[in-house]
Amino acid sequence: MGRHIWQVIILLALIVLLASATASVTRAPGSEPAFSAEDSTPARVLLLSDFATPEPLDFTAIMARDLKLQEEAAQRFWSAFFLDFSQLYECMDPNIYHRFGDVWDVFTQTEQGFARAALEAAKTVAVAYPDSDALKTDIAIDLPWRQLAGLYCVYGTRLHTFLEESLTVEIQFKGERLTSLRVTLPDFFSLAACGTANDAYHARMAYFYLNTVFADGGEYSPTLYKKPELPEDLMAELVPPLPYIRSRFVRNTWGEGRSRRTRLHMGTDIRIGQVAIFSCSDGTVLFSSYNTVSGNYVCVVDARGYEYQYMHMRELSPFVKPGDEVRAGQQIGWVGTTGNSIANHLHFSMVTPEHQYLNTYYVIRLLAQRDLWSKR
Ligand SMILES: [Zn+2]
């Protein structure tokens, strides 16, 4: 700005000089001057005040003010945000998730109610700040009923607190004007991973179960009893999970009632002594833990996104831990009878990349014919 002042001063000086020079050149003695004093006034239009330097910007002060506004707005959001999950808690026992199909609409309404409450809270915030009519509101909450139900199996009546704590509220201001408000909830798999390994495993199992057994509207899924179709190249890569499999000890128990008929069986049981369990596939260990239903279990996910579950192992796997890379045919445990089991057997389940269980009876029957040792 200082430079402008000098430019203006120089310009004014030049004009004055030029004016006097011209005047002196054109003014003949005795004649009227060609320019009156008023004629040189256009230079005065350039007011120096137009070039006044503004006060320097204090970014620290501006940032502090914006943060304060953001904090205020966030507090407003939270005080306006109200969740009512009572309908859900009244009608569902989180332990009997096979009945969730009957109340799928309660879960759907709960998810919608959650998103609606967030939107209402966002509106309340907007009203508090003037000139915010161009406010961009984005409520990114997406928990289809089977996923919400999966989380409910783990969190029960603590679900709404858990979801509230998982929400992120991003608020942006331009000056005093609120310009955008974004409310985000992490996706199901991130939410499932928030608690212990067993919580994550449980929530995922429940979701996979509901996704396999029930269609969108809560009715039985038309694909429930369909024979699975696996990619040929995948089947070519798999090895048997046990050193030998006698077909008379493998029955097709897919879909049979279990736990007093509160759930359907989602895998294949192979009766066998306490022999080694091998990973069927290359992949990464997702879980290696214990719970009262699966006993000691190991889950492996392959590069295609297929998940392999091995249950009731004699002990917690001394061979692998979560995050380990495994090769097909690598030992991951010993057969046992831990968890919900009355005799030594391997329960083997597979989950597709679309998050549905498939009937592994057909997979096991095929793998049983394979010579395990030729591949190992
Ligand atoms: Zn089983």
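**Core, helices and a buried hairpin in a predicted model**

In this chain, 69% of the contacts with a separation of 6 or more join residues 24 or more positions apart, where a contact is a pair of residues whose C-beta atoms, placed from the backbone, lie within 7 Å. The model is a predicted one, so local features need pLDDT of at least 70 and side-chain atom pairs count only at pLDDT 80 or more, while totals for chains, interfaces and linings use all residues. Numbering runs from 1 along each chain as its sequence is written.

Eleven helices and 14 strands make up the secondary structure of the chain; these are DSSP runs numbered from the N terminus, with helices being H or I over at least four residues and strands E over at least two. Of the 376 residues, 29% come out as buried. Here, buried means 20 or more other C-beta atoms within 10 Å of a residue's own, exposed means 12 or fewer, and partly exposed is what falls in between, with C-beta atoms placed from the backbone.

On to the core. The largest nonpolar core holds 76 residues, and those with the most contacts inside it are Ala149, Ala206, Tyr209, Leu210, Val298 and Tyr310. Such a core is a set of buried Ala, Val, Leu, Ile, Met, Phe, Trp, Tyr and Cys residues joined through C-beta atoms within 7 Å. Helix 8 (residues 197-213) supplies the largest share of this core, nine residues. Both domain 2 (59-207) and domain 3 (232-375) contribute residues, so the core lies between them; the domain bounds come from an automatic or database domain assignment. Leaving aside residues up to four places away in sequence, Ala206 touches Tyr97, Ala149, Gly150 and Cys153.

Helix 8 itself is mostly covered, with 13 of its 17 residues buried. From first C-alpha to last, helix 8 reaches 24 Å, close to the 24 Å expected at 1.5 Å a residue; the expected span is 1.5 Å times one less than the number of residues. Past helix 8, in the loop that leads to helix 9 (232-237), sits Asp216. Asp216 is exposed, as just 11 other C-beta atoms lie within 10 Å. Asp216 and Asp105 are 111 residues apart in sequence, yet their C-alpha atoms are 9.7 Å apart in space.

Helix 4 (residues 104-128) has 25 residues and should span 36 Å at 1.5 Å a residue; its end C-alpha atoms are 37 Å apart, which agrees. The buried residues of helix 4 are Trp104, Val106, Phe107, Thr110, Glu111, Phe114, Ala118, Ala121, Ala122 and Val125. As a rule, an α-helix has 3.6 residues a turn, so residues three or four places apart point the same way.

Helix 10 (residues 360-368) buries Thr360, Tyr361, Val363 and Ile364. Looking down the axis of helix 10, these buried residues fall within an arc of 160°, so they line one face of the helix; the arc is taken over the directions from the helix axis to the C-beta atoms. Covering them are, among others, strand 6 (268-271), strand 13 (345-351) and strand 14 (357-358).

Strand 13 also pairs with strand 10, in the antiparallel sense and over five bridges, pairing being called when DSSP finds at least two bridges between two strands. In that pairing, Glu307 has Val351 of strand 13 as its bridge partner. Strand 10 (residues 307-313) has seven of its seven residues buried, so it is largely enclosed by the rest of the structure. Strand 10 also runs antiparallel to strand 9 (residues 295-301), again over five bridges, with Val300 bridged to Tyr308 in strand 10. Strands 9 and 10 form a hairpin with five residues between them, and Gly305 in the turn has a positive phi of about 100°.

Positive phi turns up outside glycine too. His312, found in strand 10, has a positive phi of about 65° although it is not a glycine. His312 is buried, with 24 other C-beta atoms within 10 Å. His355 has a phi near 65°, likewise positive in a residue other than glycine, but sits in the loop between strand 13 and strand 14. With 19 C-beta neighbours inside 10 Å, His355 counts as partly exposed.

Another loop residue is Ser259, placed between strand 4 (257-258) and strand 5 (263-264). Ser259 is partly exposed, with 13 other C-beta atoms within 10 Å. Ser259 and Val293 are 34 residues apart in sequence and 9.4 Å apart in space, C-alpha to C-alpha.

Methods:
Contact = placed C-beta atoms within 7 Å.
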